[in-house]
Structures are given as structure tokens and as C-alpha cells.
Amino acid sequence: MGHILYQFLVDYIFTIIGFSLAIFLMVKVIREHHWPGGAIAWVLIIIFAPYIGVPLYFIIGNRKIARGINRKEPLYTAPDTKPNQPIRNPVENVLLSSGMPPIRRASSIEFSFDGVEAYNKLINIIKEAREYIYCTTFILGKGETGSGIINALAEKAKQGVRVCLLLDSLGCLTITKKNLAPLTQAGGEVGFFLPMLPFRRKWSANLRNHRKIVIVDGKTAMIGGMNLSDHFMGPRPSPTRFLDNAVFLKGEAIYDIEQVFCNDWYFTTEKELPEPEFLSSTDETTSHSLSSLVQVVASGPDVPEDTLYDAILTACMESRERIWIVTPYFVPDEPILKALTLQARTGIDVSIVLPRYSNHRVADFARGSALRQLIKSGAHICFYEKSMVHSKLLVFDRSLAVTGSPNLDIRSMYLNFEIALFHYSPNEIDCVAGWIYQLINNSRIINSLPDTKLQIWLEDLSLLIAPLI
């Protein structure tokens with residue numbers, strides 16, 4: 001009888017603890033997850049499968065991390081330089097109020113929309129390094145591209161150049177010590193961002209570093225969507241290569257990009273890198289009238305606000321002529337979708353270019369409901385069918401273009417560590433818009449989507465789990 005009573009009390013106590021924990025987690029989910037679909041998905045799994053949902057949330061559910069104690073404060077500390085004609089539009093105001101750096105001058109900005117060209121430019125700036133090379137990527141390939149870049153970095157390390165390579169633990173899951181041996185044996189340093197298994201003090205199965213950054217001597221940088229893999233770039237053309245882009249730039253903005261890398265490196269390795277040197281435009285030969293205006297925007301679990309999301313939503317609402325979007329995965333949350341549909345209904349040119357089939361089928365299903373609403377509202381949905389589109393580009397009127405690593409989906413807006421460039425100069429905006437225009441002309445306009453019961457069921461299921469993958 002005593003044993004039965006004891007077992008009953010133990011079961012009762014654990015039931016109360018489990019119920020209390022589930023209630024606590026549901027409140028936490030609702031407060032942290034701004035997208036209703038994500039919150040609903042977590043609440044359902046916690047209620048109906050608590051033994052799975054509760055531990056799963058602790059593993060992959062948290063959306064923000066406390067990094068302040070692990071990095072220099074504040075994130076951006078360079079002088080508040082201002083361009084000749086301060087922009088001060090609503091988007092810039094949103095970014096500044098969230099702690100992002102101000103608009104900087106870039107003495108040179110070059111867009112590369114070809115994988116061979118981007119690879120050759122990257123190898124060339126690596127060869128020009130004299131002091132240091134900082135590089136971070138989500139995916140490092142094992143093929144010709146990955147090994148070529150590793151060998152180029154190793155060669156510079158042998159010459160005494162400091163090489164720091166930061167890899168995401170999920171994106172580079174199959175990379176081994178053997179793959180990195182040429183670099184590490186030459187004296188290069190390698191860090192793996194947030195290991196997926198809980199064997200270290202810092203780990204996460206969900207929060208990924210999706211940033212792509214290369215910095216050489218604090219003078220030249222590469223930002224964009226291209227990973228260091230055959231699918232994205234390489235020394236020769238490839239029939240399986242994705243359609244993607246990269247931005248090569250020089251000037252004041254390098255300081256802000258380098259600060260992002262330095263903080264990511266310290267968070268990962270707990271090793272301090274030298275404080276970046278701010279190269280003012282007054283130190284360069286390029287006149288102010290020829291310089292480009294660009295703003296560096298970092299977003300992710302280490303940033304208190306959802307800065308990138310807020311800026312894009314603001315740009316959508318403020319547009320008066322056009323909103324052009326190129327993205328491989330289109331899973332907007334309700335406010336951005338509503339802004340796009342309303343703008344399309346008012347007659348603004350809302351054009352969205354997507355791959356007919358991406359490399360993630362769940363994302364293809366998850367976009368269905370949003371695309372139907374946009375088509376009904378008069379937006380132009382363009383499917384590119386010749387290859388996988390991996391570019392991430394946005395153009396708003398003739399006042400703003402956005403390039404970088406973020407996709408227009410829930411993961412990039414709320415979960416991934418991302419970095420973007422906001423371009424304010426007409427020349428750069430026109431360059432990006434011109435490439436998108438060509439892409440639209442080579443795509444198929446979609447006027448309807450299949451709406452069978454099975455299709456709708458798959459879309460609803462995919463949409464429900466999209467924030468979790």
C-alpha cells in the first residue's frame with residue numbers, strides 16, 4: 001500500500017511539474033514568436049505531445065540568445081559619418097533607431113551575377129591580402145570550389161597572413177579535418193559556429209549562421225548569397241549551378257561588416273580579433289560625388305530587435321511605384337503579405353521572381369497560399385524555370401535596393417544570423433533592378449496555381465512546419 005501511495009505521489013508531482021512547464025512554455029512561445037503559424041505549431045505540439053514538444057522546444061525553439069556578455073559592446077562604434085545629402089527616409093530611421101550603423105560611403109561597389117566571375121574575383125582579392133583574411137560561410141563545399149578556396153587561403157597563411165575561417169556547424173556538417181588540413185597546417189584558424197549537439201557550453205540545433213562574408217585587410221569585402229561551393233560559384237561553368245549574386249565593395253562600410261565578423265568570431269572561439277580600423281572616405285582618393293551610399297544591416301538572434309524584418313516591412317509600406325523581389329524561398333508572415341497584397345491592389349508593381357522548383361520542397365508547398373493571395377491582388381508572380389534561383393534581392397521604387405544573405409522567409413527574418421546591404425544610390429539600385437528586369441523577362445508569369453484538396457493539405461502542413469525547419 002505504501003509503495004502504491006509513493007508511486008501515486010511521484011506521478012502526481014511530475015504531472016504538476018510537466019503541466020506547469022507546458023503552460024510556461026506556451027506563454028513563452030506566444031510572446032517570442034511574432035508569426036502566428038510558428039506559435040500555433042509549437043503550442044499544438046506542446047499540448048498534444050508534451051513529452052516530445054517540451055524537450056524539442058528547448059532544443060530548437062528558442063529564437064534569441066544573450067550574446068551581450070560574450071562580445072564587445074556596443075556592436076557598432078564607428079564615428080557617425082554622414083553622406084553629403086543625408087537620406088533620412090523611414091527605412092533609415094527604423095534601422096538607426098534599432099542600433100544599426102548609419103549610411104556609409106563606398107568608394108567602389110561591384111555586383112557579380114555570375115558564379116565564375118564571382119569565384120575569380122574572390123580568388124583575386126584573397127591573393128591581394130597582406131595582413132589578414134576573415135571569411136564566414138554557411139556552406140563550404142568539398143568539390144573544386146571549396147578546395148580551391150581552401151588552397152588559396154592556405155597559400156596566404158603560409159605567407160604570414162592571418163586567416164580566420166568561420167563555418168556554420170549545420171551547413172558544413174560533412175566537412176572534416178582532412179578537408180581543412182591544407183589551411184590549418186599552414187597556420188590558418190577555423191571555427192565552427194554553434195555546434196548542433198549539446199556537448200559544449202554554446203550549442204544550438206536551430207540557430208544558424210547564414211551570413212556570407214569575406215574581408216581582406218579591412219579594405220575589400222564580399223557580401224551576398226553565394227556559399228563557397230560548386231552550386232554557387234566556381235572556376236568554370238556548371239549546368240547545376242544556382243542563379244546567385246555577390247557584392248564586392250570598398251570604403252567606410254567595411255568597418256561595419258568587419259565588426260559583425262569579429263563579434264561572430266569571438267562568440268564562437270572566445271578569441272579577440274584586433275579592433276577594426278575605420279577608413280574614412282576623406283582618407284581615400286575617390287571624391288564624395290563618385291562614392292556610393294550603403295548601410296550594413298546585421299540581423300539574427302544576437303540582435304534585440306527584428307531589425308531586418310522591420311526595415312523590409314517599412315519599405316513595403318512606403319513604396320509608391322514598385323516592389324521587386326527575388327528570393328529562392330517565399331514564406332512571408334501575415335504583415336508583410338498584407339502589405340504586399342494591399343500595394344498590389346493600389347496598382348503598385350509588385351513583382352516576385354521565384355524558382356519553379358527550389359531545392360527545398362517544403363518551402364515550395366509553403367508558399368502556395370501567399371502566392372494565390374498575391375495573384376488575386378494583381379501582383380506578378382514569375383517562375384524562373386531554367387535553373388534554381390538562389391539570389392536574394394529587393395528593389396523599392398528607385399530609392400532602395402537590398403542585397404545580402406537573407407531570404408524572404410520566416411527563418412531568415414526571425415531565426416538565422418544574416419547580413420544585408422541597403423543600397424541608396426541610384427546607380428546601384430538601377431544595376432540591381434536591371435538584372436531583375438532581365439530575370440522577369442526570362443521567367444513565366446503565373447496566373448493560377450493548382451488548388452486540389454491534396455495540394456491545399458500539403459501547403460497547409462508545410463506552412464505549419466515551415467518556421468520549425
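# Reading strands, turns and salt bridges

Tutor: Let's start with one pair: V395 has A401, in β14, as its bridge partner. Before we go on, this is a predicted model, so to speak of local features we need pLDDT of at least 70, and side-chain atom pairs count only at pLDDT 80 or more, while totals for chains, interfaces and linings use all residues. Residues are numbered from 1 along each chain as its sequence is written, and side-chain values use heavy atoms, with hydrogens and water left out.

Student: In what sense do β13 and β14 pair, and over how many bridges?

Tutor: General idea: two strands pair if DSSP finds at least two bridges between them. Strands are DSSP runs of E with at least two residues, helices are runs of H or I with at least four, and both are numbered from the N terminus. Here, β13 and β14 are antiparallel partners with three bridges.

Student: Which strand do four bridges join to β14?

Tutor: That's β16 (residues 418-423), running antiparallel to β14. A401 shows up again here, with H423 as its bridge partner in β16.

Student: How do I read the two faces of a strand?

Tutor: In a regular strand, side chains alternate between the two faces of the sheet. In β14, L400, V402 and G404 point one way, A401 and T403 the other.

Student: Are the residues of β14 buried or exposed?

Tutor: Buried means under 20% relative accessible area, exposed means over 50%, and partly exposed is in between (1.4 Å probe, protein chains only). Five of the five residues in β14 are buried, so the rest of the structure largely encloses this strand.

Student: And phi? What should catch my eye there?

Tutor: Most residues other than glycine have a negative phi. D397 goes the other way, with a positive phi near 50 degrees in the β13 and β14 hairpin, which has three residues between the strands. D397 is buried because its relative accessibility is 12%. E270 also has a positive phi, near 60 degrees. You'll find E270 in the loop between α8 (253-269) and β8 (292-299), and its 44% relative accessibility makes it partly exposed.

Student: How many salt bridges does a search of the whole structure find?

Tutor: A salt bridge needs a side-chain nitrogen of Lys or Arg within 4 Å of a carboxyl oxygen of Asp or Glu. The search turns up twelve. One of them brings R398 and D430 together at 2.2 Å, N to O. R398 sits in the loop between β13 and β14, and D430 in helix α14 (residues 426-441), so this contact ties parts 32 residues apart in sequence. D430 is partly exposed, at 30% relative accessibility.

Student: What about E110 and K121?

Tutor: Their side chains form a salt bridge too, at 3.0 Å from N to O. E110 belongs to strand β1 (residues 104-112) and K121 to helix α5 (residues 115-127), so parts eleven residues apart in sequence are tied together.

Student: Which residues are linked in a network of salt bridges?

Tutor: Look at R162, E189 and K271. Within it, R162 and E189 have their closest N and O atoms 2.7 Å apart. That pair links distant parts of the chain, strand β3 (residues 162-168) for R162 and strand β4 (residues 189-193) for E189, 27 residues apart. R162 is partly exposed at 29%, whereas E189, at 18% relative accessibility, counts as buried.
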